Amino acid sequence: MSTTEDDSTLKVLESRTSRLETLLASHHPAALEGHVAEKVHHLSQKISSIQSDYPEIEDFLKKYETLKVVLAGYKETFIDTDGKQTILLASEEHIKEMAKSLELIQENEKFINSAPMQDVPQLSAELDSIRRTHAAQLCSADAAVNDVDGLVRRYNNVVNLLSETFLHYDQILTAWEKAVGQYDLTF
């Protein structure tokens with residue numbers, strides 16, 4: 001585009017904006033206070049202020065921007081009241097079966113959410129304490145077993161030494177008895 005065409009396009013836009021402002025001002029006296037651009041700027045500031053006061057709005061707008069394409073196509077799939085009624089009537093049996101299932105679940109909820117099941121979190125914490133105590137007891141029991149094992153080994157060593165000593169003295173006595181038996185010592 002040439003500069004002349006740009007200028008003429010800009011003039012056309014300005015005249016259209018001016019005409020629109022005049023129309024708005026004639027129908028709404030409050031619009032006389034300023035131009036549309038000023039009003040838009042003021043509204044933009046208000047929206048920014050609200051967004052900063054409520055961060056949830058910003059999160060919503062981000063999610064909306066992400067889903068805008070999907071939501072735009074969704075408008076075309078809206079069903080009128082008659083269509084909804086037809087769907088409900090067609091799925092009446094399924095809805096009744098689902099309601100019966102939900103009632104059955106509600107009747108059995110006392111078993112699912114029984115008092116013992118409600119105590120599980122508290123008992124779980126207590127069980128952790130018991131597990132730690134049990135682990136400490138296992139360590140103590142292992143130490144006691146090792147001590148007893150050492151005592152049993154020492155006991156067996158003492159019994160073996162006594163047995164060997166007894167056998168040694170028995171051999172000495174047997175040898176003396178044989179030696180003395182060669183001499184007839186009758187009195």
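**Note on a predicted model: side-chain pairs, surface patch and confidence**

1. Asp 149 and Arg 153 are both found in helix 8, where a spacing of 4 residues places them about one helical turn apart. Their side chains join in a salt bridge, with an N to O distance of 2.8 Å. Asp 149 is partly exposed, because its relative accessibility is 39%, and Arg 153 is also assigned to the partly exposed class, with a relative accessible area of 49%. The reader should bear in mind throughout that this is a predicted model.

2. A further salt bridge in helix 8 links Asp 128 with Arg 131, whose closest N and O atoms are 3.5 Å apart. Helix 8 covers residues 120-182, and these two partners are 3 residues apart within it, or about one turn of the helix. How do the two partners stand with regard to exposure, Asp 128 at 34% and Arg 131 at 51%? Asp 128 is partly exposed at its 34% relative accessibility. Arg 131 is exposed, because its value of 51% passes the cut-off of over 50% for that class.

3. In helix 5 (residues 92-107), Glu 92 and Lys 96 lie 4 residues apart, which means a separation of about one helical turn. Their side chains form a salt bridge at 3.5 Å, N to O. Glu 92 has a relative accessible area of 36% and is therefore partly exposed; Lys 96, with 42%, is partly exposed as well.

4. How many salt bridges does the structure hold? The count is 3. As general background, side chains that carry opposite charges can pair when their charged atoms come close.

5. Aromatic contacts were also examined, with ring centres required to lie within 6.5 Å. On that rule there is 1 aromatic pair. The pair consists of Phe 60 and Tyr 64, which are stacked, with 6.5 Å from centre to centre and 25° between the planes. Why is this arrangement called stacked? The angle is 25°, and planes under 30 degrees apart are classed as stacked.

6. Both rings of that pair belong to helix 3 (residues 55-74), where Phe 60 and Tyr 64 are 4 residues apart, about one turn of the helix. Phe 60 is classed as exposed because its relative accessibility is 53%. Tyr 64, at 34%, is classed as partly exposed.

7. Phe 60 and Tyr 64 are also members of a nonpolar surface patch of about 550 Å², together with Ile 50, Tyr 54, Ile 57 and Leu 61. Which element supplies the largest share of the nonpolar patch? That element is helix 3, with 4 residues. Leu 61 is located in helix 3 and is partly exposed, given its relative accessibility of 31%. Leu 61 can therefore be included in the patch, because its 31% meets the requirement of over 30% relative accessible area.

8. On confidence, the chain has an average pLDDT of 81, and 84% of the residues score at least 70. Where in the chain is confidence lowest, and where is it highest? The lowest mean, 74, belongs to helix 7 (residues 115-118), whereas helix 8 has the highest, at 91. In general, predicted coordinates should not be read in detail where pLDDT is low.

Note on methods. Residues are numbered from 1 along each chain as its sequence is written. This is a predicted model: local features need pLDDT of at least 70, side-chain atom pairs count only at pLDDT 80 or more; totals for chains, interfaces and linings use all residues. Side-chain values use heavy atoms; hydrogens and water are left out. Rings of Phe, Tyr and Trp (its six-membered ring) pair if their centres lie within 6.5 Å; planes under 30 degrees apart count as stacked, over 60 as edge-to-face and the rest as tilted. Helices (H or I, at least four residues) and strands (E, at least two) are DSSP runs, numbered from the N terminus. Buried means under 20% relative accessible area, exposed over 50%, partly exposed in between (1.4 Å probe, protein chains only). A salt bridge is a side-chain nitrogen of Lys or Arg within 4 Å of a carboxyl oxygen of Asp or Glu. pLDDT is the predictor's confidence in each residue, from 0 to 100. Patches are made of residues with over 30% relative accessible area and no salt bridge: like charges are joined within 9 Å, nonpolar side chains (Val, Leu, Ile, Met, Phe, Trp, Tyr) within 5 Å. Accessible areas come from the Shrake-Rupley method with a 1.4 Å probe; for residues, only the protein chains shown count as cover.
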